[in-house]
Amino acid sequence: MSDTKEEPWTVLRLLEWTTNFFKSRGSESPRLDAEVLLAHARDCARIELYTAFSEVPTEEQRVAFREMIRRRGEGTPVAQLVGYREFYSLRFRVDENVLIPRPETEHLVIEALDVAKAMKISDRPIRIADVGTGSGAIAITLAKNIKDAEITAIDLSEAALKIATWNAEHLNATDSVRFVHSDLFESVAEPATFDIICSNPPYVSESEYEQLDPTVRDHEPREALVAGIDGMDIIKRLLETAPERLEIGGRLIIEISPMIAELCEELVEVTPTLGDLRFIKDLSGQRRIVSMARV
């Protein structure tokens, strides 16, 4: 990427070359990847690239860009290269200790917001638990969108809780979110019950894990992805323990793999304390979120 008199490495030329390179490496969003990385190297907003196509980045910027291209070509996720991921219009810090927030999880947030609005609790703050909070994306997003919520964000990983706490501080959510180091609800003494329990738990089976894209398998925490032979280990535990921590009429909302939707439905149907089951589909029409009430 050295300049020549005939054809300098402008922003547009860099984006075109990098997009083609990422295509050859199998990226699902090669142009977006290129834009995010170049904007990061230039320390500007991605949209600013569109008014700078004819500009030539500095040598320092191109060196930084080249290194990120190399690492992205080797499989490192873009979010880890730039250190953040946008989720529900908020920017969350991420690293190798947390699962990178996915667009599918926004469906869980929307369901929780709709449920919270329908509850119309006025005499006290609405109480929400986020089990397996990771980067804190669910808990913090809910805190930013629900007035006077009290949110308990739980994770077994201390490293993940450090990232989540940092995100809460930088997104001004520390007054609404408290973080608890716990295996599900084992170390959560207060509050005794919640109005909403949310979770994006591990739901990949052992066999599926081996088939995952290396970008995910080799760079995101295994414990945040894999849940036993059928991918149901944590979900089964949630269905066993969460109802007793829910208010009557409260809802348990879980992100799942479409491949285990039928298993989840069967388990809920034989759980006497849960009912009013509904599934929320993702943009591809697959059942992605399961929502059920404490009865």
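In this predicted model, the side chain of S205 forms a polar contact with the side chain of S207, at 3.2 Å. S205 itself sits in the loop that runs between strand 6 (194-199) and helix 8 (206-211). With a relative accessibility of 5%, S205 falls below the 20% cut-off and therefore counts as buried. Beyond its neighbours within four places in sequence, S205 is in contact with V226, G228, I229, D230 and G231.

Strand 6, which precedes this loop, also holds D195. Here the relative accessibility is 3%, so D195 counts as buried too. The side chain of D195 reaches the backbone nitrogen of R127 at 2.7 Å. R127 is also one of the residues that D195 touches once those up to four places away in sequence are set aside. Among the others are M119, I121, R124, P125 and I126, together with L246, E247, G250 and R251.

For a view from the outside of the protein, K162 is a helpful residue to turn to. K162 belongs to helix 7, which covers residues 158-170. Its relative accessible area is 65%, over the 50% cut-off, and K162 is therefore exposed. K162 and L274 are 112 residues apart along the chain, and their C-alpha atoms are separated by 33 Å.

It is useful to set these residues against the chain as a whole. The protein chain contains 11 helices and nine strands. Its radius of gyration is 21 Å, close to the 19 Å that the globule rule gives for 295 residues, so the chain is as compact as a globular protein of that length. Along the principal axes, the C-alpha atoms fill a box of roughly 75 × 40 × 35 Å.

Buried residues, S205 and D195 among them, make up 51% of the 295 residues. Of the contacts in the protein chain with a separation of 6 or more, 65% are between residues 24 or more positions apart.

Turning to the surface, the protein chain exposes about 14,600 Å², and carbon and sulfur atoms supply 49% of this area. The chain carries 35 positive and 52 negative charges, and the mean positions of the two sets are 3 Å apart.

Key:
Residues are numbered from 1 along each chain as its sequence is written. This is a predicted model: local features need pLDDT of at least 70, side-chain atom pairs count only at pLDDT 80 or more; totals for chains, interfaces and linings use all residues. Side-chain values use heavy atoms; hydrogens and water are left out. Helices (H or I, at least four residues) and strands (E, at least two) are DSSP runs, numbered from the N terminus. The radius of gyration is taken over C-alpha atoms; the globule rule is 2.2 Å times the number of residues to the power 0.38. Buried means under 20% relative accessible area, exposed over 50%, partly exposed in between (1.4 Å probe, protein chains only). Contact means heavy atoms within 4.5 Å. Accessible areas come from the Shrake-Rupley method with a 1.4 Å probe; for residues, only the protein chains shown count as cover. Lys and Arg count as positive and Asp and Glu as negative; His and the chain ends are not counted. The place of a charge is taken as NZ of Lys, CZ of Arg, CG of Asp or CD of Glu. A polar contact is a pair of N or O atoms within 3.5 Å; within protein, one must be able to donate a hydrogen and the other to accept it, and residues adjacent in sequence count only if both atoms are side-chain atoms.
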